[in-house]
Amino acid sequence: MRHTTAAAAVTAALCAAALACSTQAAPSRAPAGPPDPPVRFTSRVTTVPQAKLGASHRAGCPVPPDRLRLIRMNHWGFDGRTHAGEMVVHEDAVRPVLHVFERAFEARFPIRRMRVMAEYRDDAEAMTDDNTSAFNCRPVTGDPRRLSQHAWGDAVDINPVENPYVDINGVVHPPNARAHLRRSPARPGQIHPDDAVAAAFHEVGWQWGGRWANPDYQHFSANGE
């Protein structure tokens, strides 16, 4: 009988302890801080230092350096993060270009990299590196008899690997972009009719080379050339 009484007493003590624990107040938590501010498109426009032009500008180019502008702006990358980019354009192209890339940013359209052409030996190297760029005083790729619209600074190439160019001889530029001649299903960084990038360029009156008989999916220009 004494054993039963002792066991009952132990059980009662354990239950009381458990009840006390269950009724203790939960530990207080630090109040949540304010949410992180939304990531916004930012840009800064300046004249172009000579170092940012390099060999992309030379004597005889149709636009003098003082008519060019350097745009520094952020963009989304393929890694889901924002990155700082630089692009040289004609002074008259600043407003439309900023409109387009702000719309692209809002749509989280990924851009591989955005560097001035002075950082590359030539356009072929820049395309292979999947570089998005604008001004470059050079001939048309695949047709050295004509000066490219990029020489005026009012043409932009975006993600050349994801958006290849097929020249008049049927050569794909850059060579590592051949797989992206297949446009369906759509893949990140590709440009398609009526997507955010194409729509933004349409809004500013620029035309897309992706509609040409020899498609240039990466290319947009103010005069359609």
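Which residues does valine 97 touch, not counting residues up to four places away in sequence? Select valine 97 and you will find Ile71, Met73, Met87, Val89, Val156 and Trp206 in contact with it, where contact means heavy atoms within 4.5 Å.

**Before going further**

This is a predicted model, in which local features need pLDDT of at least 70 and side-chain atom pairs count only at pLDDT 80 or more, while totals for chains, interfaces and linings use all residues. Residues are numbered from 1 along each chain as its sequence is written, and side-chain values use heavy atoms, with hydrogens and water left out.

Colour the protein by pLDDT, the predictor's confidence in each residue, from 0 to 100; the average is 89, and 83% of the residues score at least 70. Now select residues 1-8, where pLDDT stays under 50 and the model has 0 contacts beyond four places in sequence. Residues 14-26 also have a pLDDT below 50, with 0 contacts in the model beyond near neighbours in sequence. Where pLDDT is low, the predicted coordinates should not be read in detail.

**The overall layout**

Switch to a cartoon view, which should let you follow 4 helices and 10 strands, these being DSSP runs numbered from the N terminus (helices H or I, at least four residues; strands E, at least two). Along the sequence they come in the pattern α-β-β-β-α-α-β-β-β-β-β-α-β-β. Of the 225 residues, 44% count as buried, meaning under 20% relative accessible area, whereas exposed means over 50% and partly exposed lies in between (1.4 Å probe, protein chains only). Among contacts between residues at least 6 apart in sequence, 55% join residues at least 24 apart.

**The nonpolar cores**

A nonpolar core is a set of buried Ala, Val, Leu, Ile, Met, Phe, Trp, Tyr and Cys residues joined through side-chain atoms within 4.5 Å. The largest such core has 29 residues, and Met73, Met87, Val97, Phe101, Val156 and Ile158 touch the most other members. Strand S2, strand S3 (82-90), helix H2 (94-106) and helix H4 (196-203) each supply at least two residues of this core, and H2 gives the most, with 7 residues. Apart from it lies another core, of 11 residues, among them Val48, Val63, Leu70 and Val116.

Centre next on leucine 70, which sits in strand S2 and counts as buried because its relative accessibility is 0%. Beyond four places in sequence, its contacts include Arg44, Val45, Met87 and Val116. Histidine 90 is 20 residues away from leucine 70 in sequence, and the two are 8.9 Å apart in space, C-alpha to C-alpha.

**A loop proline**

Move to proline 62, in the loop between strand S1 (43-46) and strand S2 (68-76). Proline 62 counts as partly exposed because its relative accessible area is 33%. Leaving aside neighbours within four places in sequence, proline 62 is in contact with Cys137, Leu147, Ala151 and Trp152. Between proline 62 and cysteine 137 there are 8.1 Å in space, C-alpha to C-alpha, although they are 75 residues apart in sequence.

**The pocket and the cavities**

On a 1 Å grid over the protein atoms alone, a cavity is a set of points where a 1.4 Å probe fits but cannot get out, and a pocket is an open set with protein on both sides within 12 Å along at least five of seven lines; lining residues have an atom within 4 Å of a point. Grid points are joined across faces, edges and corners, and a volume is the space filled by probe spheres set on the points.

The largest pocket holds about 360 Å³ of space. To locate it, select Val140, Arg146, Tyr165, Trp212 and Asp216, the closest to its centre of the 20 residues that line it. Helix H3 (123-128) and strand S5 (143-147) are the elements that give two or more residues to this lining.

There are also 2 cavities of 30 Å³ or more. The largest cavity has a volume of about 50 Å³, and its lining includes Lys52, Met87, Arg115 and Phe135. The second largest cavity, of about 30 Å³, has Asp123, Met127 and Asp157 among its lining residues, and H3 gives the most to that lining, with 3 residues.

**Last stop**

Finish at glutamine 218, in the loop between strand S9 (207-208) and strand S10 (219-221). Glutamine 218 counts as buried because its relative accessible area is 2%. Leaving aside neighbours within four places in sequence, its contacts include Met127, Val156, Asp157 and Tyr165.
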